[in-house]
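Open the model in your viewer and keep the selection tool at hand. Each stop below says what to select next and what is there.

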Amino acid sequence: MDTRAWLLVAAVAALLTMGIAAVLLIRLFRTRKLLLDAGVPLRNKALVWAAVLYTVCPVDLIPDPVYLDDIGFLLLALRSLSAQAPGRFGRRVF
């Protein structure tokens, strides 16, 4: 593969990561009601905030330019929060 092909692969990977991050950001904004809800356990709320801090932290468990582990941790935290309150707002968040 020549340099042009590698650049194309890197650009596609970066665009895919940005798309996933945008969807994740939208889901995080939708989750703010659950973070304020008193019926959701504090453990789940803390897990979401810990995942957000890990995402923006410069230290990384798996150093990669694509932030796959960061997005994965945040997705798992959001899913665990959503699983605690599936019927609270008439529909699931995810």
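**The pocket and its lining**

Helix 1 gives the most to the lining of the largest pocket, contributing six residues. This is a predicted model, so treat each stop as a description of a prediction.

Start by selecting helix 1 (3–30), helix 3 (42–56) and helix 4 (68–84), each of which supplies at least two residues of the lining of the largest pocket. The lining is made up of 13 residues. To find the centre of the pocket, select A21, L24, T55, I71 and L74, which lie nearest to it. The volume of this pocket is about 250 Å³. Colour the lining by class and you will have ten nonpolar, two polar and one charged residues.

**The whole chain**

Now zoom out and show the cartoon. The protein has four helices and zero strands, and from the N terminus on the elements run α-α-α-α. Of its 94 residues, 24% count as buried. Switch to a surface: about 6,700 Å² is exposed, and carbon and sulfur atoms supply 72% of that. How much of the contact set with a separation of 6 or more comes from residues 24 or more positions apart? The share is 58%.

**Helix 3**

Select helix 3 next. Its 15 residues should span 21 Å at 1.5 Å a residue, and its end C-alpha atoms are 21 Å apart, so the expected and modelled spans agree. The buried residues to pick out in helix 3 are N44, K45, V48, A51, V52 and Y54.

Stay on A51, which lies in helix 3. A51 counts as buried because its relative accessibility is 7%, and the cut-off for buried is under 20%. Show its surroundings: leaving aside neighbours within four places in sequence, A51 is in contact with F73, L74 and A77. If you draw a distance from the C-alpha atom of A51 to that of G72, 21 residues apart along the chain, the label should read 9.2 Å.

**Helix 4**

Move to helix 4. Its 17 residues reach 25 Å from the first C-alpha to the last, close to the 24 Å expected at 1.5 Å a residue. Which residues of helix 4 are buried? Select D69, D70, I71, L74, A77, L78, L81 and S82.

Centre on A77, which has its place in helix 4. Is A77 buried or exposed? At 1% relative accessibility, A77 counts as buried. Apart from residues up to four places away in sequence, A77 touches L47, V48 and A51. The C-alpha atoms of A77 and A51 are separated by 6.6 Å, with their positions 26 residues apart along the chain.

**Helix 2**

For the last stop, select L35, found in helix 2 (residues 32–36). L35 has 15% relative accessibility and therefore counts as buried. What does L35 touch, not counting residues up to four places away in sequence? Show K45, V48, W49 and L81. Among these, K45 and V48 also belong to the buried residues of helix 3, and L81 is one of the buried residues of helix 4. Finish with a distance between the C-alpha atoms of L35 and W49, which are 14 residues apart along the chain: the separation is 9.4 Å.

Methods
Residues numbered from 1 in each chain as written. Predicted model: local features only at pLDDT ≥ 70, side-chain atom pairs only at ≥ 80, totals over all residues. Heavy atoms only, no water. 1 Å grid on protein atoms, 1.4 Å probe; cavity = no way out; pocket = protein on both sides within 12 Å on 5 of 7 lines; lining within 4 Å. Points joined across faces, edges and corners; volume = space filled by probe spheres on them. Nonpolar A, V, L, I, M, F, W, Y, C, P; charged D, E, K, R; others polar. Buried < 20%, exposed > 50% of the residue type's maximum accessible area, 1.4 Å probe, protein only. Contact = heavy atoms within 4.5 Å. Expected span 1.5 Å × (residues − 1). Areas by Shrake-Rupley, 256 points an atom, 1.4 Å probe, with all protein chains shown as cover.
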